[in-house]
Amino acid sequence: MRTAVTGAAGFIGSHLCGHLLDSGDEVLGIDAMTEYYDPRLKERNLARLRGRAGFTFVRGDLLALPLELLLASADVVYHLAGEPGVRTSWGPQFDVYLRRNVLATQRLLEAARSSPPHKIVYASSSSVYGNAEHYPTPETVRPQPVSPYGVSKLAGEHLCELYRTAFAVPTASLRLFSVYGPRQRPDMAFARLIEAARTGAAFPLYGDGRQTRDFTFVQDVTTAMRQAALSSWTGVANVGGGEQVSMRQVLALVGEFVGPVRIASLPAPPGDARHTGADTTVARDAFGYRPRTGIRAGLAAMVEDAVAEDALLGTRTGATAPPSAAPAGT
Ligand code: NAD
């Protein structure tokens with residue numbers, strides 16, 4: 001299978017490229033190496049892929065690249081490039097979200113229109129729901145994003161649905177729920193929590209810590225994406241981890257694996273949903289999705305990787321690995 005992965009140097013994109021290569025696919029990775037976070041971390045992600053048989057990389061912006069030419073030979077296009085981050089999406093920054101999440105998606109779909117691949121898999125987000133009326137939330141609930149980021153991801157998803165219904169471009173939009181795992185984006189909660197526990201720095205806890213998330217281990221996400229690509233199914237589906245976990249529970253686990261975390265309490269900011277929870281029936285029935293990694297095993301794997309990476313780079317001393325090894329089946 002010849003594949004193209006946009007956002008290949010990012011957190012989920014680099015894991016997906018690894019999974020596709022492990023599965024025998026050819027991968028054309030595309031990434032603009034944006035500066036939403038330190039691009040050296042993206043170079044680190046890419047270093048794991050460069051030199052692997054079947055992997056090629058194009059550095060460039062979806063808003064400028066000749067996409068029709070680039071994607072012409074791809075059987076499957078995985079579209080993960082985008083500007084992440086809920087809290088930073090307010091104010092003048094929204095312009096960046098519009099260009100990277102909406103315009104870039106429209107450009108990609110337009111490029112695929114005349115000669116569509118077998119599938120385009122779009123990384124949509126649980127943030128499209130906002131504070132949903134039902135938990136766990138089925139796809140039929142009306143999306144009501146509570147952040148501009150969520151609005152931009154929903155617009156990207158609507159474009160996928162529009163090109164699917166109007167021009168038979170076979171799109172599969174997967175609403176990913178709070179993805180975590182090794183090499184998580186440094187602005188995300190787990191990465192910052194582990195860092196805080198290891199350095200003694202204060203962790204800003206927004207709200208009362210009772211907010212819950214359906215955290216999804218990154219390897220469950222990459223498995224789901226490939227399963228969706230290989231199936232004949234198109235449409236919109238939730239991809240969640242199968243457990244609703246509060247930030248307090250996560251704090252306790254990080255305390256157990258790494259050490260106590262010093263908390264700096266802050267009010268809940270605008271844009272943060274109170275709870276998220278995925279009903280994954282559609283994904284299960286359509287392409288056999290079942291999350292395999294629970295929060296305890298997934299977080300242990302993430303801590304273990306952070307410790308190993310520091311040992312490799314010699315960036316920290318006195319670090320210990322968590323008690324349990326990498327999760328079974330991942
Ligand atoms: P990430 O920032 O690590 O990866 C995104 C990558 O896209 C970056 O490497 C960036 O350089 C690249 N990029 C951005 N705009 C581009 C453009 N115009 N052209 C080419 N490359 C561009 O983020 P991530 O956490 O890996 O998320 C990947 C995707 O999954 C995003 O679309 C995000 O909205 C979506 N998503 C993520 C989560 C999560 O929990 N991490 C949850 C739901 C959805």
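**Exercise 1. Is glycine 240 buried or exposed, and how many other C-beta atoms lie within 10 Å?**

Before the solution, two remarks on the model are in order. This is a predicted model, in which local features need pLDDT of at least 70 and side-chain atom pairs count only at pLDDT 80 or more, while totals for chains, interfaces and linings use all residues. Residues are numbered from 1 along each chain as its sequence is written.

*Solution.* Step one is the criterion: a residue is buried if 20 or more other C-beta atoms lie within 10 Å of its own, exposed if 12 or fewer, and partly exposed in between, with the C-beta atoms placed from the backbone. Step two is the count: glycine 240 has 29 other C-beta atoms within 10 Å and is therefore buried. Step three places the residue in the loop between β11 and β12 (245-246), where helices (H or I, at least four residues) and strands (E, at least two) are DSSP runs numbered from the N terminus. Step four lists its partners, two residues being in contact if their C-beta atoms, placed from the backbone, lie within 7 Å. Leaving aside neighbours within four places in sequence, glycine 240 is in contact with Phe177, Asp214, Thr216, Gly277, Ala278, Thr280 and Pro291. The C-alpha atoms of glycine 240 and histidine 275, which are 35 residues apart along the chain, are separated by 13 Å.

**Exercise 2. Work out the strand order of the open sheet of 7 strands, and examine its edges.**

*Solution.* Two strands pair if DSSP finds at least two bridges between them. With parallel pairing, the order is β3-β2-β1-β4-β5-β6-β11. The edge strands are β3 and β11 (235-239), each of which pairs on one side only. From one strand to the next, the twist averages 20 degrees.

Next, consider individual pairs. Strand β1 (residues 2-6) is joined by 4 bridges to strand β4 (residues 76-79), the two running parallel, and the bridge partner of alanine 4 in β4 is valine 77. Between β6 and β11, which also run parallel, there are 5 bridges, and leucine 174 stands opposite alanine 237 in β11.

Finally, consider the surroundings of β11: 4 of its 5 residues are buried, so this strand is largely enclosed by the rest of the structure. Helix α7 (residues 218-230) lies across β4, β5, β6 (171-176) and β11, and runs at about 160 degrees to β6; here axes are lines fitted to C-alpha atoms, for helices over the stretch in contact, and angles run from 0 to 180 degrees between N-to-C directions.

**Exercise 3. Which residues of helix α2 (residues 39-47) are buried, and what covers them?**

*Solution.* The buried residues of α2 are Lys42, Asn45 and Leu46. Because they cover an arc of only 95 degrees around the axis, they lie on the same side of α2; the arc is that of the directions from the helix axis to the C-beta atoms. On the other side of α2, Arg40, Glu43 and Ala47 are exposed. The cover over the buried residues includes α1 (11-22), β2 (26-31) and β3 (55-59).

**Exercise 4. Describe the shell around the ligand by its residues and by the elements that supply them.**

*Solution.* A residue is near a molecule or strand if its C-beta atom, placed from the backbone, lies within 6 Å of it. Of the 31 residues around the ligand, those that come nearest are Gly7, Gly10, Phe11, Gly82 and Ala123. The shell divides into 16 nonpolar, 8 polar and 7 charged residues, where Ala, Val, Leu, Ile, Met, Phe, Trp, Tyr, Cys and Pro count as nonpolar, Asp, Glu, Lys and Arg as charged, and the others, Gly among them, as polar. At least two residues each are supplied by α1, β2, α4 (94-113) and β5 (119-125), and the largest share, 3 residues, comes from α1.

**Exercise 5. Locate the backbone features at proline 136, alanine 168 and serine 178.**

*Solution.* Proline 136 lies in the loop between β5 and α5 (148-167), and the peptide bond that leads to it from tyrosine 135 is cis, with omega near -15 degrees. Alanine 168, in the loop between α5 and β6, has a positive phi of about 60 degrees although it is not a glycine, and with 11 C-beta neighbours inside 10 Å it counts as exposed. Serine 178, in the loop between β6 and β7 (179-180), has a positive phi of about 25 degrees, although it is not a glycine either; with 19 C-beta neighbours inside 10 Å, serine 178 counts as partly exposed.
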